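User: Please take a close look at one part of this model, the stretch of consecutive paired strands and the loop that follows, and set it in the context of the whole chain.

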Amino acid sequence: GDPNKVGGTTGSHVQRVAPHPEIVGGNMWQNLDIYDGRFGSAVLPSGFVQGVSDVTTENGFDTVYITGRIGGGTDQDLFRFQVQSLTDRSKDSWQHVGIRWSGTSSQGAGALDPVRKIFLRTGASNDLPFSYWDLNSAGPSNRDVPITSFIDASGSLSMNALFGMDFDPVREQFVLFGGGGTVWTVNPPTPVSPTGWVVTRQPDPVGEVPPTEVGTGILGKFKYISNLDAFMLLDVHGDVW
């Protein structure tokens, strides 16, 4: 790491006005290739189109949950990738932890609840607004669970494939954002089940708000920042909120 270098190679920085030869590459990024023969082809996705992902720390190791397509279909299963050593790639772990059965595989956002151990993803409409995997039963036969209805006292949530979503670990709830100044919280029932999910529209903010225009989608550009205890958004114009 170096605050005076770009994370990749020399010349990979944004060059809006001049080449800026004084900015050199720190080569801080490394491609953790999963298609190098370490893992069997039976558990490796053929692609990640419209996939969703989230990251966490499990047992002290960086862990990624990500959906991908198996074979030639469009259904997305859930996978878990863990990096246990930066110097020994043989310790990397890749696991098939969920199968798409009757949930959604549309474009959207995904988020992990590490306490309840569920991975939630957004759908494309109120007919199938969410689906989730219960990671307490992780494995290649672990079916996703569709959520076909929710409790919304405001009656104003109209789900679409452009929403962004992340998990708030302090308040232990999912947070949903689709542009403008409107934010929803999403709370699962206890115990977690397909019914009884509560979506709550939060009070409208005072002052300037992000644009309602979201282009091709918010998706993964809405994230919880732990050291701020706040959510950060990159909008369609490249502004940060």
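Analyst: Among contacts in the protein chain between residues at least 6 apart in sequence, 46% join residues at least 24 apart, where contact means heavy atoms within 4.5 Å. This is a predicted model, in which local features need pLDDT of at least 70 and side-chain atom pairs count only at pLDDT 80 or more, while totals for chains, interfaces and linings use all residues. Residues are numbered from 1 along each chain as its sequence is written, and side-chain values use heavy atoms, with hydrogens and water left out.

The protein chain has 14 strands and zero helices; both are DSSP runs numbered from the N terminus, helices being H or I of at least four residues and strands E of at least two. The radius of gyration, taken over C-alpha atoms with a globule rule of 2.2 Å times the number of residues to the power 0.38, is 19 Å, close to the 18 Å that the rule gives for 241 residues, so the chain is as compact as a globular protein of that length. Along the principal axes, the C-alpha atoms fill a box of roughly 55 × 50 × 35 Å. Of the 241 residues, 41% count as buried, a class defined as under 20% relative accessible area, with exposed over 50% and partly exposed in between (1.4 Å probe, protein chains only). The accessible surface, from the Shrake-Rupley method with a 1.4 Å probe, comes to about 12,800 Å², and 54% of that surface belongs to carbon and sulfur atoms.

The part in question begins with β10 (residues 173-177) and β11 (residues 183-187), which run antiparallel and are joined by four bridges; two strands pair if DSSP finds at least two bridges between them. Within this pair, Phe 174 has Val 186 of β11 as its bridge partner. Five residues lie between the strands of the hairpin, where Gly 179 takes a positive phi near 110 degrees. On to the next strand, β11 also pairs with β12 (residues 198-201), again in the antiparallel sense and over four bridges. Val 186 recurs here, standing opposite Val 199 in β12. Val 186 is thus the bridge partner of Phe 174 and also faces Val 199.

The loop between β11 and β12 holds Pro 191, which is joined to Thr 190 by a cis peptide bond with omega about -5 degrees. Val 192 lies in that loop as well and, at 29% relative accessibility, counts as partly exposed. Leaving aside neighbours within four places in sequence, Val 192 is in contact with Arg 116, Ile 118, Tyr 132 and Trp 197. By comparison with these contacts, the C-alpha atoms of Val 192 and Arg 16 are separated by 49 Å, the two residues being 176 apart along the chain.

Two further backbone features lie elsewhere in the chain. His 20, in the segment before β1 (53-58), has a positive phi of about 55 degrees although it is not a glycine. Its relative accessible area is 29%, and His 20 is therefore partly exposed. Asp 229, in the loop between β13 (222-225) and β14 (230-233), likewise is not a glycine yet has a positive phi of about 50 degrees. With a relative accessible area of 34%, Asp 229 is partly exposed.
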